[in-house]
Amino acid sequence: MSETTDKEKKPPLNGRRALPSNNSNDEENEVPEMEAFGLIPRGFNPTDYLRVVDIHMFKEPHEINKQQHHTDKYYNPKLIVRRGQSFQIQVDFNRPYNPETDQFWLEYLIGRYPQQNKGTYIPILVRDVLKPGEWGAKITHKENNSIRLSIMSSATCIVGKFRLYVAVLTPFGILRTHRNSATDTYILFNPWCQQDAVYLDDEKEREEYVLNDVGIVFHGNINDIKLRSWSYGQFEENILDACLFLMDKAELELSGRGNPIKICRVASAVINSRDDNGVIAGSWDNTYTNGVPPSAWTGSVDILLEYYSSKQPVRYGQCWVFAGVFNTFLRCLGIPARLITNYSSAHDNNANLQLDFFLDDEGKVDTTTTKDSVWNYHCWNEAWMTRPDLPVGFGGWQVVDGTPQETSDGMYRCGPASVQAIKHGHVCFQFDAPFVYAEVNSDIVYLRRAKNGTQVIENIDTTHVGQLIVTKEVGRDGMMEITEEYKFQEGSEEERLALETAVMYGVKKQTTQGTSYQPQTDVDMEFQAQKAVLGSDFKVTITFRNKSRNTYTATTYLSGNIVFYTGVTKNEFKKHSFSAKLEPYSSSAFDVVIKSSEYLSDLLDQASFHFFVTARINETGKILATQKATVLEIPSLRIKTQGAMVAGKEMSVTVEFTNPLKQTLENVTLRLEGPGVLRTMKKEFRQIPMNSTLIWEVKCIPNRPGLRKLIASLNCDALRHVYGELNVQIQKP
C-alpha cells in the first residue's frame with residue numbers, strides 16, 4: 001500500500017484521545033494475514049508451517065451450541081452464544097497438530113479500533129483448564145488433522161458481534177486466517193449464568209422474560225381493563241442486527257456494552273425520536289398523517305426493520321408501542337424484561353407529588369390553568385439486573401421507560417430506576433426514581449381560587465393515582481398484579497414512612513397545612529358508569545350518601561369529556577347540572593343518560609371518556625369532587641384457520657369483522673402477523689357498510705412448530721383499537 005493512501009485512511013485526530021471513540025459494532029479494522037517480526041528470509045514459505053484449512057462453528061439450530069445456549073430460536077445463520085458459558089468449535093489444520101512444536105491462539109475482535117484493555121481485542125491461548133466466567137480455550141478432542149475446542153467467554157464481556165481469527169506462530173511472524181464472516185460470533189447476555197449481571201434463577205421466569213416472543217399489553221382503564229397481544233418477535237430475521245444497530249445509533253462505546261445499566265439508559269433515549277432521531281416518533285393528537293396510527297401496530301418487528309433500513313424515525317407510537325419495542329430490544333440481547341401497565345398514572349409536570357386540578361367558581365375544572373394530567377394507563381418496562389452502582393438490596397427489577405415525557409440529564413429518557421428503591425422511598429438513587437415515584441404515588445388536589453386571590457383546597461384524593469400496576473402472568477396469558485412491588489398498603493405505617501423518606505430525599509411535597517381545608521365528612525358522593533358498546537347509549541349514576549341528621553341540597557355539575565388516554569381533554573361533549581335533595585341518613589341516586597349522538601362525531605382512538613362531577617352542599621358551601629375515566633367496549637376481530645397446521649406446509653387463515661357502527665367505515669386497513677407462522681401482512685378495504693361483514697383470507701407456510709399466536713388489528717379513522725388473536729398449535733412435519 002503506498003504511503004499516500006495509508007494517510008487518507010487514518011481517522012481525523014482528536015487532541016483528547018489517541019484513538020477515536022470505538023462506538024460502532026458495524027465497522028471493522030483490517031487485520032494482517034502475515035504479521036512479520038522483521039525481515040523475512042528469502043526461503044520462507046508459509047505453507048511449511050501449521051495452517052488452518054477450515055473452522056466449524058456448530059452453528060445450526062439443532063447443533064450443540066445453539067441448543068445449550070438457548071439461542072436455537074434466532075432466525076440467523078451465524079453462531080449465537082451467551083456469555084460466561086462454554087461453546088464448541090472445530091479447527092481443521094493442514095496436518096496433525098503437535099502441541100510440542102506448534103503454537104496457535106484465537107483472536108476475537110469487535111469494532112474498528114480493537115484494544116485489549118477495552119475488551120474489544122481478546123486473544124485466547126489454549127490451556128488445560130477452563131475457569132468459569134473467564135475467557136479461555138481448551139482442546140477437548142484430537143482426530144487426524146482436526147481439534148475440537150471448548151471456548152469460555154467472560155461473564156462480563158461486551159455484548160455484540162465479534163470477528164474470529166486463528167493465529168499461528170512461526171519463527172518469522174504470525175500467520176492469521178483471512179477475514180471470514182461465516183465465523184462471526186454473536187455474544188449475548190446470559191440469564192442462565194450466575195456470574196452474569198442479568199442472572200435470573202427461575203427457569204419458568206427465564207422462559208417468559210427472555211424466550212417468549214409474544215406478550216400481552218393491558219390497557220383501557222382501572223374500571224374496565226382491556227388486553228391485547230403484542231408480537232415481540234425478538235428471534236425474527238435481522239432483528240438481532242437491528243438491536244445492535246440501536247446501540248451504534250446511540251453511540252454507546254463498545255467497552256460499555258457489557259453493562260446492562262448503560263445499555264438500558266441509552267436505549268430508553270434511542271427508542272423515542274425526540275432529540276436523537278430514534279426509533280419511534282410519538283403522536284398523541286389523533287392525527288397520524290404519513291404514518292401508521294399507534295393502534296394499528298401488532299408487534300415490534302415491522303417497526304425495528306423499517307428503522308434499521310431507513311435510519312429514520314418510524315411514525316407513530318404511543319406508550320405501549322415504545323414499551324413493546326423496548327421489550328423486544330431487551331429480550332433480544334438477553335436481558336430479562338417485562339411490560340408493565342400502571343393504571344391512573346400521574347404525569348406530574350413539576351414533580352411535587354400532587355396533581356393540581358383548578359376549579360372555577362361553578363366547580364368546573366378549568367382546563368386553561370390545569371397543567372398536570374392523569375393518564376388512564378401508562379406502559380413502561382422492567383429489566384432485571386444487579387445494581388453494583390447502588391447499595392445492596394436495590395438490584396432486581398428496574399423501571400425503564402422509552403416514552404418521551406420529561407428530560408433526564410438533558411435527554412428524553414427514563415431509568416433504570418430500582419423498583420425496590422421506589423417502594424421504600426429511596427429516590428436518591430439513580431436514575432429518575434423521583435419521576436417514577438410521582439407516577440405511582442401522587443395525590444390529586446382540587447383547588448379553587450377565592451375572591452381574595454388565595455387558593456382554597458376543596459378536595460384531596462390520595463388513592464386515585466397508581467391504584468393498580470400489572471403485568472402478564474408467567475407462562476399464562478392472565479394478569480398479574482404487582483402494585484405491592486411499587487408501594488405499601490394504602491394508609492399503612494410503612495407507606496407513611498416511605499413517603500417521608502422520599503420527601504427527605506428531595507421529592508417536593510407541598511404541605512396542605514397552611515391552606516384552609518376542612519372537607520365535608522358527613523356526605524359521600526360516588527360515580528358509576530354503565531358498561532357500553534361503542535355506538536350505543538348508556539347511563540351514568542351519581543349516588544350521594546348523607547350520613548348526618550341534616551337535610552342538604554347539593555347543586556351538582558356533571559361534565560363529560562372526550563379525552564386522549566393521557567387524560568388530556570379534547571372537548572366537552574356533555575354538560576348537565578341538577579339540584580339533588582339529600583334526606584338525613586339515606587342514599588339517593590341520580591341517573592344521567594349519555595346518547596351516542598352526543599359523542600360519536602368526536603370520539604378518539606381509544607374511545608375514552610372522562611367525567612368530572614362536582615357538587616356544592618348549599619347549606620355549608622363545601623364542595624365534593626370526583627373524577628372517573630370510562631372506556632367503551634370496542635368490537636373485536638375473529639380469526640379462524642383451515643386445514644392441517646404443519647411446519648413447512650401451506651395453511652389458510654381467515655380474519656372476519658362485522659361493522660357495528662351506524663355508518664360506513666372507509667379506508668380500512670387490516671394487519672395480521674404471527675411470529676414463526678407468517679410475516680406481517682396488510683390489506684386495504686375501501687368501504688365496510690354498516691352491519692356488513694368483511695372476510696379476508698391469507699395463505700401462509702409456518703416455519704416453527706409449537707404453540708404460536710396469530711394477532712390481527714383493524715384501523716380506520718372512525719374506529720381504532722380493534723384487535724383479534726388466536727392461539728394455534730403448529731405440528732412438527
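Note to self before starting: domain bounds here come from an automatic or database domain assignment. With those bounds, domain 2 (203-505) and domain 4 (638-730) both put residues into the lining of the second largest pocket, so I place that pocket between them.

**Entry 1: how far to trust it**

I am working from a predicted model. I looked up the confidence: the chain averages a pLDDT of 90, and 95% of the residues score at least 70. Residues 1-10 are another matter, as pLDDT stays under 50 there. For that stretch I find three contacts beyond four places in sequence. Where pLDDT is low, the predicted coordinates should not be read in detail. I am leaving residues 1-10 alone, given their pLDDT under 50.

**Entry 2: the second largest pocket**

Back to the pocket I began with. Its volume comes out at about 460 Å³. I count 18 lining residues, and those nearest the centre are Glu208, Asn212, Asp213, Val214 and Leu707. Which elements supply at least two lining residues each? I get helix 3 (203-211) and strand 39 (706-716). Helix 3 has the largest share, four residues. By residue type, I have 10 charged, five nonpolar and three polar in this lining.

**Entry 3: the largest pocket**

Next I looked at the largest pocket, which holds about 720 Å³ of space. Its lining runs to 35 residues, with Asp461, Met525, Ala625, Thr626 and Gln627 nearest the centre. Four strands each supply at least two of the lining residues: strand 18 (373-385), strand 24 (455-461), strand 27 (523-529) and strand 33 (623-631). Strand 33 gives the most, seven residues. I sorted the lining into 16 polar, 13 nonpolar and six charged residues.

Where does this pocket lie relative to the domains? Domain 2 (203-505) and domain 3 (523-631) both contribute to the lining, so the largest pocket lies between those two.

**Entry 4: the annotated active site**

I checked UniProt as well. The entry, which is unreviewed, puts "active site" on Cys319, His378 and Asp401. These three span 83 residues in sequence, yet no two of their C-alpha atoms are more than 9.9 Å apart, so they gather at one spot. I looked up where His378 sits and found it in strand 18. Strand 18 also turned up in Entry 3, as one of the strands supplying at least two residues to the lining of the largest pocket.

Methods
Residues are numbered from 1 along each chain as its sequence is written. This is a predicted model: local features need pLDDT of at least 70, side-chain atom pairs count only at pLDDT 80 or more; totals for chains, interfaces and linings use all residues. Side-chain values use heavy atoms; hydrogens and water are left out. On a 1 Å grid over the protein atoms alone, a cavity is a set of points where a 1.4 Å probe fits but cannot get out, and a pocket is an open set with protein on both sides within 12 Å along at least five of seven lines; lining residues have an atom within 4 Å of a point. Grid points are joined across faces, edges and corners, and a volume is the space filled by probe spheres set on the points. Ala, Val, Leu, Ile, Met, Phe, Trp, Tyr, Cys and Pro count as nonpolar, Asp, Glu, Lys and Arg as charged, and the others, Gly among them, as polar. pLDDT is the predictor's confidence in each residue, from 0 to 100. Contact means heavy atoms within 4.5 Å. UniProt positions are given in the numbering used here, feature names are shortened, and annotations may be inferred rather than shown by experiment.
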